[in-house]
Amino acid sequence: MKIAFIGGGNMAAALIAGLAGKLTPGGNIHVVDPNPASLEKLRQEYGVTVAGVAGEAVGAAEVLVLAVKPQVMHEVTQQLLPLLQAARAAGRSPLVLSIAAGIRAQDLSRWLGGYQAIVRTMPNTPALIGKGVTGMVASSGVSTAQREAADQILRAVGETVWLDDESKIDAVTAVSGSGPAYVFYFIEAMQQAAQELGLTAEQGKQLAMATFTGAAQLAVESADPVPVLREKVTSKGGTTYAALTSMEASGVKAAIIAAVKAAAARGKELGEQLGAAG
Ligand SMILES: NC(=O)C1=CN([C@@H]2O[C@H](COP(=O)(O)OP(=O)(O)OC[C@H]3O[C@@H](n4cnc5c(N)ncnc54)[C@H](O)[C@@H]3O)[C@@H](O)[C@H]2O)C=CC1
Ligand SMILES: O=C(O)[C@@H]1CCC=N1
């Protein structure tokens, strides 16, 4: 499979790490980015071919992964438009796979001259260690083979969840796309509490990290549902009860739910604002 990445930043690097030499040889991956330092790093690590601007190698790819910030997506589509038009004229329609937050497939399609073979995805940063999860939705012009190719690309860095309706991708963005930041925020708070209670930074870090990874793994592996696991930690009148009662009194759960909804609303708003271009 020949894959071209438009944008060679954090998320592209995570995907390339999962793909190069596994799903496809590094030499079959082409990366376009105006930043020479990012390109050189990717070229050295994975043997990918690189370019500062999109050219022939992009037009020749079977999959174009759009991995730039949402704010530059319109400009990038205008650079890709002639290459896709040439591919179409030659009887090919490469799959366009976007990982950008907020950008709607209908806008990508319009910016790309009515192009229909588009898969919109929302990965997350644990993809960097092969533990990502990605929500995905396919436009009507995507073939079964292209859908499978998109799934393979994202499965190279974790799990995939297919959606039947693009409007749900804002919820995915809010839950799992932004989600790692919420977890890191909670870890930071636990570490700060550990230090305020007299533990060293190193001890607080070790305790918080092991608690998070251990509890998350237990939740995945246990036959018990998560609320039951929580109850098993919570002795009546004990320490956990004191902590959870304090959290309830502070409205922590309601605040988390409101925060996730704010992220979903921002995703929708970004889509509407950026979609107005072009
Ligand atoms: N960071 C995250 O947690 C997640 C990010 N995303 C999405 O992934 C996309 C990329 O995000 P990151 O990798 O974090 O950003 P990044 O800033 O690390 O990478 C973006 C890259 O695009 C390059 N670029 C800028 N203009 C370009 C152009 N005209 N042509 C080619 N490349 C160009 C930049 O030089 C940069 O290397 C964004 O749309 C974001 O919404 C999706 C899921 C999670
Ligand atoms: O914060 C953002 O907009 C991106 C999308 C999901 C994670 N980071």
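**The ligand shell, a buried strand and two domains**

By class, the residues around ligand 1 are 15 nonpolar, nine polar and three charged. The model described here is predicted.

Reader: How many residues surround ligand 1?

Author: Gly-7, Gly-9, Met-11, Ala-100 and Ala-101 are the closest residues to ligand 1. They belong to a shell whose count is 27.

Reader: Which element gives the largest share of the shell around ligand 1?

Author: Two elements, helix H1 (10-19) and helix H4 (73-89), each give two or more residues to the shell. The largest share is three residues, and it comes from H1.

Reader: Is strand E6 largely enclosed or largely open, and why?

Author: A residue counts as buried if 20 or more other C-beta atoms lie within 10 Å of its own. Strand E6 covers residues 118-122, and five of its five residues pass that test. On one side these are Ile-118, Arg-120 and Met-122, and on the other Val-119 and Thr-121, so both faces are covered. Because five of five are buried, the rest of the structure leaves E6 largely enclosed.

Reader: Do E5 and E6 run parallel or antiparallel?

Author: Strand E5 (residues 95-98) is joined to E6 by three bridges. In one pairing, Leu-97 has Val-119 of E6 as its bridge partner. The direction of the two strands is parallel.

Reader: Is the crossover from E5 to E6 right-handed or left-handed?

Author: After E5 the chain passes through helix H5 (residues 105-111) and then reaches E6. This path is a β-α-β crossover, and its hand is right-handed.

Reader: Which residue of E7 is the bridge partner of Val-119?

Author: E6 is also joined to strand E7 (residues 132-138), by four bridges, and these two strands run antiparallel. Within E7, the partner of Val-119 is Ala-138.

Reader: What distance separates the centres of domain 1 and domain 2?

Author: The domain assignment places domain 1 at 3-170 and domain 2 at 179-267. Taken over C-alpha atoms, their centres are separated by 34 Å.

Reader: How many residues does domain 2 give to the contact?

Author: Domain 1 gives six residues to the contact. Those six divide into two nonpolar, three polar and one charged. The number from domain 2 is four.

Reader: What share of the residues of the protein count as buried?

Author: The protein comes to twelve helices and eight strands, and its C-alpha trace spans about 70 × 40 × 35 Å along the principal axes. Of its 278 residues, the share that count as buried is 33%.

Note on methods
Residues numbered from 1 in each chain as written. Chains lettered and ligands numbered in written order. Predicted model: local features only at pLDDT ≥ 70, side-chain atom pairs only at ≥ 80, totals over all residues. Buried ≥ 20, exposed ≤ 12 C-beta atoms within 10 Å, placed from the backbone. Pairing = 2+ DSSP bridges. Right-handed = clockwise from strand over helix to strand, strands pointing away. Near = placed C-beta within 6 Å. Nonpolar A, V, L, I, M, F, W, Y, C, P; charged D, E, K, R; others polar. Domains from an automatic or database assignment. Contact = placed C-beta atoms within 7 Å.
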